[in-house]
Amino acid sequence: MLLYFSFVIFAIACLLNIWLIFYFIKSNGKNPPFIASFGRPKQEVITQAGLFINQNPQAKAADLGCGSGSLLIPLARQFPDTEFVGYEWDIIPYMLAVYKTRNLPNVTILYRDFFKEDLSKYDLVLCYFGTGIEEKIGSKLNKELTKGSLVISEVFKLAGIKLKSEISITWGFIKAKVYLYTPDK
């Protein structure tokens, strides 16, 4: 029985990797693959977002590339009066996020390419991207967000937007950073 269970887990892991590669290729490398936030970096993003929301109780927040909702769900539960919007371009994480947030009335998950969206309505933007789009997304956020907005980037440094601060995190043998940005306007 244990051997069978191990085989099933191995097969699922292989299929997941194939799926990640397929969708990354399908997007021509312009959209990062789904990687869930976890551990101390995730907790730091949640902490920083919480501090911002406490100071700006009417804030509207977006998670660009929300995946399965690993950042949105704890924040939406902690701040039930704040509106959260998650953008996801990949159908499987999108469906997971919709299912996992179904009982959270302050969360909306959109199956859209956030590069084609007007992000000016958001006060807080969360993101966790791979390499290759740092300049494009940083410039877009700098152009569209208003003064007083905050962008929190987990692990990857953005370009084209003013860095407010960076937080170094050591988690076991892993070293990571969380970056906070403010638009120029």
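1. Residue T82. In this predicted model, T82 is located in the loop that links α3 and β2. Is T82 buried or exposed? The relative accessible area of T82 is 3%, and a residue counts as buried when this value is under 20%; T82 is therefore buried. Leaving aside residues up to four places away in sequence, T82 touches I53, P57, A59 and N106.

2. The chain as a whole. The protein chain contains 5 helices and 7 strands. Along the sequence, these elements follow the pattern α-α-β-α-β-α-β-β-α-β-β-β. Of the 185 residues in the protein chain, 46% are buried. The area that the protein chain exposes is about 10100 Å², and 61% of it is supplied by carbon and sulfur atoms.

3. Contacts along the sequence. Consider the contacts in the protein chain between residues at least 6 apart in sequence: 64% of them join residues at least 24 apart.

4. The sheet. In what order do the 7 strands of the open sheet lie? The order is β3-β2-β1-β4-β5-β7-β6, and the pairing is mixed. The edge strands, each of which pairs on one side only, are β3 (107–111) and β6 (162–171). On average, neighbouring strands of this sheet are turned by 15° against each other, with direction ignored.

5. Strand β1 and its cover. Strand β1 comprises residues 60–64, and 5 of its 5 residues are buried. Which residues lie on each face of β1? K60, A62 and L64 are on one side, while A61 and D63 are on the other; both faces are covered.

6. Pairing of β1 with β2. Strand β2 (residues 83–88) runs parallel to β1, and 5 bridges join the two strands. Two residues of β1 illustrate this pairing: K60 has E83 of β2 as its bridge partner, and the partner of A62 in β2 is V85.

7. The crossover between β1 and β2. Between which strands does the chain cross through helix α3? Helix α3 (residues 72–78) carries the chain from β1 to β2, and this β-α-β crossover is right-handed. T82, discussed in the opening point, belongs to the loop between α3 and β2.

8. Pairing of β1 with β4. Strand β1 also pairs with strand β4 (residues 124–127) in the parallel sense, over 4 bridges. Within this pair, A61 stands opposite L124 of β4. In the sheet order, β1 accordingly appears between β2 and β4.

9. Helix α4. Which strands does helix α4 lie across? Helix α4 (residues 91–100) lies across β2 and β3, and its direction is at about 160° to β3.

10. Pairing of β5 with β7. Strand β5 (residues 150–154) and strand β7 (residues 174–182) are paired in the antiparallel sense, with 4 bridges. E154 stands opposite V178 of β7.

11. The hairpin of β6 and β7. How many bridges join β6 to β7? There are 9 bridges, and the two strands run antiparallel. Across this pair, E166 stands opposite Y179 of β7. The two strands form a hairpin with 2 residues between them, and G172 in the turn has a positive phi of about 65°.

12. Parallel and antiparallel pairs. The mixed pairing of the sheet can be followed through the pairs described above. Strand β1 runs parallel to β2 and pairs in the parallel sense with β4. By contrast, β7 pairs in the antiparallel sense with β5 and runs antiparallel to β6.

Note on methods. Residues are numbered from 1 along each chain as its sequence is written. This is a predicted model: local features need pLDDT of at least 70, side-chain atom pairs count only at pLDDT 80 or more; totals for chains, interfaces and linings use all residues. Side-chain values use heavy atoms; hydrogens and water are left out. Buried means under 20% relative accessible area, exposed over 50%, partly exposed in between (1.4 Å probe, protein chains only). Two strands pair if DSSP finds at least two bridges between them. A crossover is right-handed if, with the strands pointing away from the viewer, the path from the first strand over the helix to the second runs clockwise. Axes are lines fitted to C-alpha atoms, for helices over the stretch in contact, and angles run from 0 to 180 degrees between N-to-C directions. Contact means heavy atoms within 4.5 Å. Accessible areas come from the Shrake-Rupley method with a 1.4 Å probe; for residues, only the protein chains shown count as cover.
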